[in-house]
Amino acid sequence: MVIFFGTAEPSFLSVRNLVIVLQSVSIVAILALGVTATLVVGGFDLSIGAVAATALMTSSYIMVVFGGGTLAAVGACVAVGAIVGLVNGLLIVRLRIPDLLATLGMMFLLLGLQLIPTQGRSIASGMSMPDGSTATGTFTPAFLALGRYRVSDLVPISVIVMLVLAAVITVFLTFTRFGRVMYAIGSNERAARLAGAPVEAYRIAAYMISGVFAALGGVLLAARVGRGDVSSGNSLLLDAVAAALIGFAVFGAGKPNAIGTAIGALFVGLLLNGLTMMNAPYYAQDFIKGAVLVAALMFTFGLSNRPR
């Protein structure tokens, strides 16, 4: 794909454009890494896009309306993500609600909840509040730097955060006892339970990881756009799910893995960037992305399952 786009459009391989691609996929990759944790234990989290959007609105509300600082905004968003993940885990583990239904319900709940405080309006400095007052707070320079500052005037902070989180979740899932137990639960929950693993606790922890990662993605998105835009997180869910599922096929793993997810996010980002540079119609991009996803899944689950 890189060779094709690089040949068709030489500027595709420029350092500036590749950095733009990394910045564009960093938030999606962070959400996808959280989804990977739930896939490892045999679950699935459809609420990540809504959690990211809620974190975006929460951080904006704390700073613009309440006049809070960067640490308060980031801390509140992380807490929101952890609480949502905990509730998702309890609904799935304790109440036996299927994960897709539980997280789908949470998605709709959060999408509606985030609009209530401002009556559906985006949050920006100087906005009029529903009670007639004017918001006097503003986004702090430190908070905006999370989404806009570039190390050595080249690498955005969001890319560094994504790489660090990818390394952390890779080490956690691959080289620690907790990660191996999570893979065992996803492979055969009954066998893991008979072996003495606290299956419920691990599954709840996986959804909490997903919620925290989604909240961090929402914080970085808020810092990039500099406002609480109610529509900013609309496409995050589909892109993150696509990255996580494409990750199954990377290196022929055939299972959820953090490295594959990061490469899947980069794959989607390069694809969309290349199509944009070649002036492909915007309405055809989702179709092409879906076709690539289906092809990746065919290779993963179709060809790899044939008898050898």
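A residue counts as buried when its relative accessible area is under 20%, as exposed when that area is over 50%, and as partly exposed in between, with a 1.4 Å probe and protein chains only. The model is predicted, so that local features need pLDDT of at least 70 and side-chain atom pairs count only at pLDDT 80 or more, while totals for chains, interfaces and linings use all residues. Residues are numbered from 1 along each chain as its sequence is written, and side-chain values use heavy atoms, with hydrogens and water left out.

**Exercise 1. Place T261 in the fold and decide whether T261 is buried or exposed.**

Step 1. T261 is found in helix α12, where helices (H or I, at least four residues) and strands (E, at least two) are DSSP runs numbered from the N terminus.

Step 2. The relative accessible area of T261 is 1%, and T261 is therefore buried.

Step 3. Leaving aside residues up to four places away in sequence, T261 touches A32, L33, T36, A243, A244 and G247, a contact being heavy atoms within 4.5 Å.

**Exercise 2. Describe the largest pocket and its lining.**

Step 1. On a 1 Å grid over the protein atoms alone, a pocket is an open set of points where a 1.4 Å probe fits, with protein on both sides within 12 Å along at least five of seven lines, and lining residues have an atom within 4 Å of a point. The largest pocket has a volume of about 260 Å³, a volume being the space filled by probe spheres set on the points, which are joined across faces, edges and corners.

Step 2. Of the 15 residues that line the largest pocket, S24, V25, V28, S235 and D239 are the closest to its centre.

Step 3. Two or more lining residues come from each of α2 (15-40), α10 (199-225), α11 (236-246) and α12 (258-277), and α12 gives the most, with five residues.

**Exercise 3. Which helix gives the most to the lining of the second largest pocket?**

Step 1. The second largest pocket has a volume of about 170 Å³, and its lining includes T54, M57, T58, Y61 and I62.

Step 2. Helix α3 (residues 48-64) gives the most to this lining, with five residues.

**Exercise 4. Characterise the protein as a whole.**

Step 1. The protein has 13 helices and two strands, and 48% of its 308 residues count as buried.

Step 2. Along its principal axes, the C-alpha trace spans about 70 × 55 × 35 Å.

Step 3. Among contacts between residues at least 6 apart in sequence, 72% join residues at least 24 apart.
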